[in-house]
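Please open the model in your viewer and keep the sequence panel visible. The stops below proceed by selection, each with a short account of what is found there.

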Amino acid sequence: MSKRKNTTSRRGQLQSEMETLAEPYRIKMVERIRLLDRAEREKVLKEAFYSMAYINAEDVFIDLATDSGTGAMSDEQWAGMMRGDEAYIRSRSFFEFEKTIQEVFGYKHVIPTHQGRAAENIIMELLVSPEQIILSNTHFDTTRAHVQNQRAVPVDLIKDVLWKFDEEDPFKGNFDVPRLKAALEKHHERVPFILITVLNNLACSSPVSMKNIREVSALARKYRIPVYFDACRFAENAYFIKTREKGFKDWSIQEIVREMFKYGDGCWMSAKKDAIVNIGGFIALSEKHEELARRCQERLVLYEGFMTYGGLAGRDLEALAVGLREGIDEDYLAHRTQQVAYLARLFEDVGVQVSKPAGGSGVFINVDSLYGHLPPEKLPGVALVCDLYLEGGVRASAIPFHLNTVDPKTGELCNIDFLLARFALPRRVYTKGHLDYVGKVMAEVKKKARKSKGYRLVSAPKVLGHFFVKFEPLK
Ligand SMILES: Cc1ncc(COP(=O)(O)O)c(C=O)c1O
């Protein structure tokens with residue numbers, strides 16, 4: 001593939017140097033949001049069991065709970081919605097969708113699903129057996145739950161540098177190669193595939209370098225193990241490869257994407273992220289996996305719909321195809337990543353420790369830098385998200401993790417526990433004014449944090465419990 005000189009990156013750079021954060025789009029339609037007064041927010045929080053999962057969206061002023069499915073579609077995407085061909089069988093929209101994914105990722109077989117976890121369900125059911133081990137840089141929580149649903153073990157091979165928030169490792173999302181080597185040496189017979197999550201959402205939204213992708217793929221080849229990508233934020237990952245990794249600055253995002261995915265057997269994607277749609281997903285497999293693609297299509301008919309729509313309407317397929325191309329536009333990616341970096345800087349300015357360098361989907365902070373006086377059993381993460389809501393109607397998330405990993409020396413399985421708070425930025429939704437507001441709310445929260453007495457857990461179901469938890473403030 002030819003290496004073109006890219007001019008758009010200079011536009012992004014200029015914006016960043018001038019700190020304008022000027023959006024590379026203008027607003028054609030608006031949606032009203034409302035800030036409830038403090039007494040109303042107190043009532044909402046109490047009635048929602050002090051759990052962000054029970055607060056109605058209309059009671060939130062700035063919603064940073066997730067960047068998934070919350071983006072704003074463009075005029076071109078809405079035009080695509082009108083073009084949607086709703087034929088049940090072999091619609092024109094499917095072929096547009098298929099062609100776009102083939103061109104962007106370089107994979108031949110394309111299977112639409114209604115969102116990411118529907119793809120995970122099909123893949124895990126076909127490829128994973130009880131007692132097997134899936135090795136990943138980090139499984140997203142639905143991915144982990146689907147591996148466990150097959151009675152297999154998800155293992156996350158993150159690097160320890162992730163916990164050093166101030167250490168500016170540009171690729172904190174990488175696989176820890178010594179851990180991967182140890183895990184493969186000890187367990188390779190139990191590993192049906194290796195999963196590369198780009199970018200690494202739960203590892204502070206940090207990217208994976210091309211070097212790391214190549215190293216992982218070489219190790220996988222040595223043991224004849226296939227490699228799949230969880231591609232939700234593939235474009236943000238490619239942008240960081242371009243801007244942070246030596247040798248890629250003159251490559252286009254499209255060229256980097258094709259290079260990344262060349263090292264895999266296939267991918268699946270929740271298109272609700274980097275394809276900037278409100279619903280959608282897919283599985284894409286390389287040419288040699290025709291048989292697996294056919295089996296995926298059989299499962300698709302069972303769970304989702306016919307193989308040319310897979311749980312989506314024709315108009316969704318059109319919007320997704322347009323969104324995938326917009327998602328790899330460099331001006332858009334420059335602005336998006338600058339927004340995340342800007343919010344991170346606002347937090348730092350008021351003394352909150354953020355994961356550095358800033359990542360793709362949002363800002364991750366060290367909760368201890370506000371609530372260090374609260375021990376884990378007094379739920380400092382819950383204190384933070386409740387105070388943010390109470391102070392300014394901002395919704396964020398704080399998720400405690402209990403992960404399996406391996407000892408890099410022995411390859412033995414062991415656990416790690418950690419707590420991260422995430423401020424995920426919806427795509428093309430909020431402006432600099434909104435970010436400044438969130439920065440001010442954080443400043444207030446920081447001032448008062450030490451007075452918090454903490455919270456206690458009232459109830460949490462076993463599967464994906466953090467979506468359903470209820471809490472109570474300690475007196
Ligand atoms: C890395 C990653 N994988 C998979 C998923 C699941 O996708 P969906 O929510 O579309 O089911 C998500 C959702 O946030 C994610 O971030």
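**First stop: two arginines**

Select arginine 151, which is exposed because 11 other C-beta atoms lie within 10 Å. In this tour a residue is called exposed if 12 or fewer other C-beta atoms lie within 10 Å of its own, buried if 20 or more do, and partly exposed in between, with C-beta atoms placed from the backbone. The numbering starts from 1 along each chain as its sequence is written. The model is predicted: local features need pLDDT of at least 70, side-chain atom pairs count only at pLDDT 80 or more, and totals for chains, interfaces and linings use all residues.

Arginine 151 sits in the loop between H6 and E4. Helices (H or I, at least four residues) and strands (E, at least two) are DSSP runs, numbered from the N terminus. The phi angle of arginine 151 is near 60 degrees, a positive value in a residue other than glycine. Most residues other than glycine have a negative phi.

Next, select arginine 428, in the loop between strand E12 (413-424) and helix H16 (432-448). Its phi is likewise positive, near 60 degrees. Is arginine 428 buried or exposed? Arginine 428 is buried, because 21 other C-beta atoms lie within 10 Å.

**Second stop: the whole chain**

Zoom out to the full protein, which has 16 helices and 14 strands. Its radius of gyration, taken over C-alpha atoms, is 22 Å. This is close to the 23 Å that the globule rule gives for 475 residues, so the protein is as compact as a globular protein of that length. The globule rule is 2.2 Å times the number of residues to the power 0.38. Along the principal axes, the C-alpha trace spans about 60 × 55 × 45 Å. Of the 475 residues, 49% count as buried.

**Third stop: the seven-stranded sheet**

Select the open sheet whose seven strands follow the order E2-E8-E7-E6-E5-E3-E4, with mixed pairing. Two strands pair if DSSP finds at least two bridges between them. Strand E2 (109-113) and strand E4 (153-156) stand at the edges with a single partner strand each, so one side of each has no neighbour in the sheet. Neighbouring strands of this sheet are turned by 20 degrees against each other on average, direction ignored. Axes are lines fitted to C-alpha atoms, for helices over the stretch in contact, and angles run from 0 to 180 degrees between N-to-C directions.

Add helix H4 (residues 92-105), which packs on the sheet and touches E2, strand E7 (266-270) and strand E8 (281-285). The direction of H4 makes about 120 degrees with that of E2. Contact here requires C-beta atoms, placed from the backbone, within 7 Å.

Now isolate E2. Five of its five residues are buried, so E2 is largely enclosed by the rest of the structure. His109, Ile111 and Thr113 point one way from E2, whereas Val110 and Pro112 point the other way. Five bridges join E2 to E8, and the two run antiparallel; proline 112 stands opposite phenylalanine 282 in E8.

Elsewhere in the sheet, strand E3 (residues 133-136) and strand E5 (residues 194-197) run parallel and are joined by two bridges. Serine 136 stands opposite leucine 195 in E5.

**Fourth stop: the ligand**

Which residues are closest to the ligand? They are Gln115, Gly116, Arg117, Phe140 and Ser270, within a shell of 14 residues. A residue belongs to the shell if its C-beta atom, placed from the backbone, lies within 6 Å of the ligand. Helix H5 (116-127) and helix H6 (141-149) each supply at least two residues of this shell.

**Fifth stop: helix H9**

Select helix H9 (residues 234-244). Nine of its 11 residues are buried, so H9 is largely enclosed by the rest of the structure. Among the buried residues are Phe234, Tyr239, Phe240 and Lys242. The buried residues of H9 pack against helix H8 (210-222), helix H10 (253-261), helix H12 (314-327) and helix H13 (330-349).

**Last stop: two cis peptide bonds**

Most peptide bonds are trans. Select valine 198 and leucine 199: the bond joining them is cis, with omega near -25 degrees. Leucine 199 lies in the loop between E5 and H8. Finally, select lysine 356 and proline 357, whose peptide bond is cis with omega near -5 degrees. Proline 357 is in the loop between H13 and strand E9 (362-365).

Methods. Two residues are in contact if their C-beta atoms, placed from the backbone, lie within 7 Å.
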